[in-house]
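Work through the exercises below with the structure open beside you. Each task is followed by its solution in steps.

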Amino acid sequence: MTMNVLSINPRNCDGCGECENACAEKHSGGQDKARSRIRVVGGNGHGKLFVPFACRQCDNPPCMSVCQNSAIYKDEKLNRVVIDPNKCIGCKMCFSACPFGAIGFDSTRGFAYKCELCGGDPECVKACEKSALSYIKGYNLHYIRMYESANKHYAVIRHQI
Amino acid sequence: MLSYAIRYNWRTGSSGESGMSFFKVNHNCNGCLACVQNCPAKALSHKDEGSSRTLLHNISLCARCGNCWRVCPQKAVQFEGILNGQWDEVTTMELVHCMVCGEPLYTDGFKKALDDKLEYDPAILCPLHKKTFSLDAWRHLAFDEKLSERGAL
């Protein structure tokens with residue numbers, strides 16, 4: 001468990017969209033937010049709740065199991081799932097299979113793309129000023145979640161007393 | 001009707017049963033085969049069977065040079081059919097739409113292929129509504145002071 005994971009905490013997210021800009025800047029060279037691999041959903045009709053969505057680098061990725069040309073593989077070193085654009089034939093199977101809608105499709109170049117953690121140095125994390133995004137060790141995440149869960153539990157109990 | 005399909009029968013004047021015909025001749029065609037003689041790509045041919053002569057054309061050999069049209073003494077070749085081709089419908093299938101917004105996602109055959117490869121039923125949603133689903137889950141499950149303060153829940 002020495003690999004880092006991209007941790008997303010919607011509690012801190014205010015929907016500024018800087019992560020989208022940074023991602024689009026890194027991967028498409030321009031400020032074309034539509035090409036961003038991380039997407040902030042929320043706001044409009046959802047109150048002030050904003051949740052950034054990016055690939056969760058699943059242990060048993062559905063995109064990998066549906067790929068018809070074995071273009072998706074698991075990079076154990078960085079604990080990420082990678083699409084090989086040279087092998088991708090653009091059939092959109094992964095795009096349709098992903099339960100989180102985290103895979104995008106580049107119709108001009110004809111292949112699917114997804115968050116690949118910028119090779120271990122995510123730009124979105126550097127751009128996030130509210131620390132809603134962090135790139136941390138998996139076991140640290142575990143304790144943060146425990147701490148948050150305990151706090152939440154305490155809040156519930158306090159309301160009952 | 002001025003133009004006839006390639007399998008124009010000189011005797012009966014009926015066009016052939018073939019649905020797709022790029023090379024067309026009108027009723028002036030008398031079957032002299034000048035076009036067949038002058039086709040540099042050998043895309044034109046003919047067959048004499050019984051009492052009828054049939055002019056044949058193969059679009060995959062045709063270089064679209066227009067020589068047949070140029071040499072035809074009867075001005076019978078309707079070359080526009082080759083230059084202004086139409087879109088042929090190849091196949092038609094049922095569509096599957098996003099359950100929320102109705103955006104067309106994929107065909108039913110594609111869905112079957114997905115179902116065969118996945119252990120669970122994939123949600124029939126567009127990428128945006130897949131995300132919105134998770135967002136709603138957050139809204140319902142997350143009890144959090146920080147979010148309540150901001151009026152997010």
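Two residues are in contact if their C-beta atoms, placed from the backbone, lie within 7 Å. The model is predicted.

**Exercise 1. Which residues does A:L133 contact, leaving aside its neighbours within four places in sequence?**

Step 1. Apply the contact cut-off to A:L133, and set aside neighbours within four places in sequence.
Step 2. The contacts of A:L133 that remain are A:L6, A:I8, A:C19, A:P52, A:C124, A:V125 and A:C128.
Step 3. Place A:L133 in its core: the largest nonpolar core has 43 residues, and A:L133 is among those that touch the most other members, together with A:C19, A:V51, A:A54, A:C63, A:C94 and A:C124.
Step 4. There is also a second, separate core of 9 residues, including B:C39, B:C68, B:A76 and B:V77.

**Exercise 2. Find the length of helix 5 of chain A and decide whether the helix is packed in or lies in the open.**

Step 1. Helix 5 of chain A covers residues 138-160, which is 23 residues.
Step 2. From first C-alpha to last, the helix reaches 34 Å, close to the 33 Å expected at 1.5 Å a residue.
Step 3. A buried residue has 20 or more other C-beta atoms within 10 Å of its own. The number of buried residues among the 23 of helix 5 of chain A is 0, so this helix lies largely in the open.

**Exercise 3. Describe the side of chain B that touches chain A.**

Step 1. Count the residues: chain B gives 25 to the contact and chain A gives 23.
Step 2. Assign them to elements. Strand 7 (104-107), helix 4 (108-117), helix 5 (127-141) and helix 6 (145-149) of chain B each give two or more residues.
Step 3. Helix 5 of chain B supplies the largest share, 9 residues.
Step 4. Sort by character: this side of chain B has 14 nonpolar, 3 polar and 8 charged residues.

**Exercise 4. Outline the fold of chain B, then locate B:E80 in it.**

Step 1. Chain B holds 6 helices and 7 strands, in the order β-β-α-β-β-α-β-α-β-β-α-α-α along the sequence.
Step 2. Of its 153 residues, 18% count as buried. Among contacts in chain B with a separation of 6 or more, 44% join residues 24 or more positions apart.
Step 3. B:E80 belongs to helix 3 (residues 80-83) of chain B.
Step 4. Is B:E80 buried or exposed? B:E80 has 11 other C-beta atoms within 10 Å, so B:E80 is exposed.
Step 5. B:F22 is 58 residues from B:E80 along the chain, and their C-alpha atoms are separated by 8.7 Å.

Conventions. Residues are numbered from 1 along each chain as its sequence is written. Chains are lettered from A and ligands numbered from 1 in the order in which they are written. This is a predicted model: local features need pLDDT of at least 70, side-chain atom pairs count only at pLDDT 80 or more; totals for chains, interfaces and linings use all residues. Helices (H or I, at least four residues) and strands (E, at least two) are DSSP runs, numbered from the N terminus. The expected span of a helix is 1.5 Å times one less than its number of residues. A residue is buried if 20 or more other C-beta atoms lie within 10 Å of its own, exposed if 12 or fewer, and partly exposed in between; C-beta atoms are placed from the backbone. Ala, Val, Leu, Ile, Met, Phe, Trp, Tyr, Cys and Pro count as nonpolar, Asp, Glu, Lys and Arg as charged, and the others, Gly among them, as polar. A nonpolar core is a set of buried Ala, Val, Leu, Ile, Met, Phe, Trp, Tyr and Cys residues joined through C-beta atoms within 7 Å.
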